[in-house]
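Hello,

Here is the structure we talked about. Please have a look at it, then read the notes below.

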Amino acid sequence: SIVDEAYQRTIDLITEKKGEVAKVAQMLRDKETISHDDIVELIGKRPYGDKAYDEYVSSKAAILKKKEKDGNTKKEEEPATSDLSDITLTPGLV
């Protein structure tokens with residue numbers, strides 16, 4: 001079925017990009033909230049371009065930076081530490 005094929009493609013992609021997924025997960029543990037710029041700095045730009053998406057992300061980033069400058073963000077909590085090497089992906093619906 002279409003859903004099963006999409007599910008399998010998703011599992012394959014997550015498995016293929018497991019290193020990048022682990023990096024983003026760790027950054028989320030450290031910072032709780034991350035921006036597009038954080039992700040680009042961590043794992044690089046998207047492999048394909050989309051002008052509308054880039055403009056949207058840029059405007060959202062500008063709003064977030066203004067809020068940070070004005071002090072309208074939550075105080076960051078202490079980062080949780082964890083080894084991500086024990087993460088396993090198991091196909092199947094839950």
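**Overall make-up**

The chain has four helices and zero strands. Along the sequence, the pattern reads α-α-α-α. Please keep in mind that this is a predicted model.

Now the totals for the chain. Of its 94 residues, 10% are buried. The accessible surface is about 8100 Å². Carbon and sulfur atoms account for 56% of that surface. I also looked at contacts between residues at least 6 apart in sequence. Of these, 62% join residues that are at least 24 apart.

**Helix 2 against helix 3**

Helix 2 covers residues 18–31, and helix 3 covers residues 36–43. How do the two pack? Their angle is about 135°, and their axes lie 10 Å apart. Angles over 145 degrees would count as roughly antiparallel, and 65 to 115 as roughly perpendicular. An angle of about 135° fits neither class, so helix 2 and helix 3 are oblique to each other. Their crossing is right-handed.

Which residues make the contact? Helix 2 supplies E20, K23, V24, M27 and K31. Helix 3 supplies D38, L42 and I43. By type, the residues of this contact divide into four nonpolar and four charged, with no polar ones.

**D38**

D38 sits in helix 3. Is D38 buried or exposed? Its relative accessible area is 15%. Buried means under 20%, so D38 is buried. Leaving out residues up to four places away in sequence, D38 touches M27, K31 and T33. Two of those names, M27 and K31, also appear on the helix 2 side of the contact with helix 3.

**G19**

G19 belongs to helix 2. Its relative accessibility is 43%. Buried stops under 20% and exposed starts over 50%, so G19 counts as partly exposed. How far is G19 from I43? In sequence, the two are 24 residues apart. In space, they are 9.4 Å apart, C-alpha to C-alpha. I43 is one of the helix 3 residues in the contact with helix 2.

**E32**

E32 lies in the loop between helix 2 and helix 3. What is the phi of E32? The angle is near 70°. That is a positive value in a residue other than glycine. Most residues other than glycine have a negative phi. Please look at E32 when you go through the loop between helix 2 and helix 3. The relative accessible area of E32 is 38%. This value falls between the 20% and 50% cut-offs, so E32 is partly exposed.

That is what I have for now.

Best wishes

Conventions: Residues are numbered from 1 along each chain as its sequence is written. This is a predicted model: local features need pLDDT of at least 70, side-chain atom pairs count only at pLDDT 80 or more; totals for chains, interfaces and linings use all residues. Side-chain values use heavy atoms; hydrogens and water are left out. Axes are lines fitted to C-alpha atoms, for helices over the stretch in contact, and angles run from 0 to 180 degrees between N-to-C directions. Helices (H or I, at least four residues) and strands (E, at least two) are DSSP runs, numbered from the N terminus. Angles under 35 degrees count as roughly parallel, over 145 as roughly antiparallel, 65 to 115 as roughly perpendicular and the rest as oblique. A crossing is left-handed if the near helix is turned anticlockwise from the far one by less than a right angle, and right-handed if clockwise. Contact means heavy atoms within 4.5 Å. Ala, Val, Leu, Ile, Met, Phe, Trp, Tyr, Cys and Pro count as nonpolar, Asp, Glu, Lys and Arg as charged, and the others, Gly among them, as polar. Buried means under 20% relative accessible area, exposed over 50%, partly exposed in between (1.4 Å probe, protein chains only). Accessible areas come from the Shrake-Rupley method with a 1.4 Å probe; for residues, only the protein chains shown count as cover.
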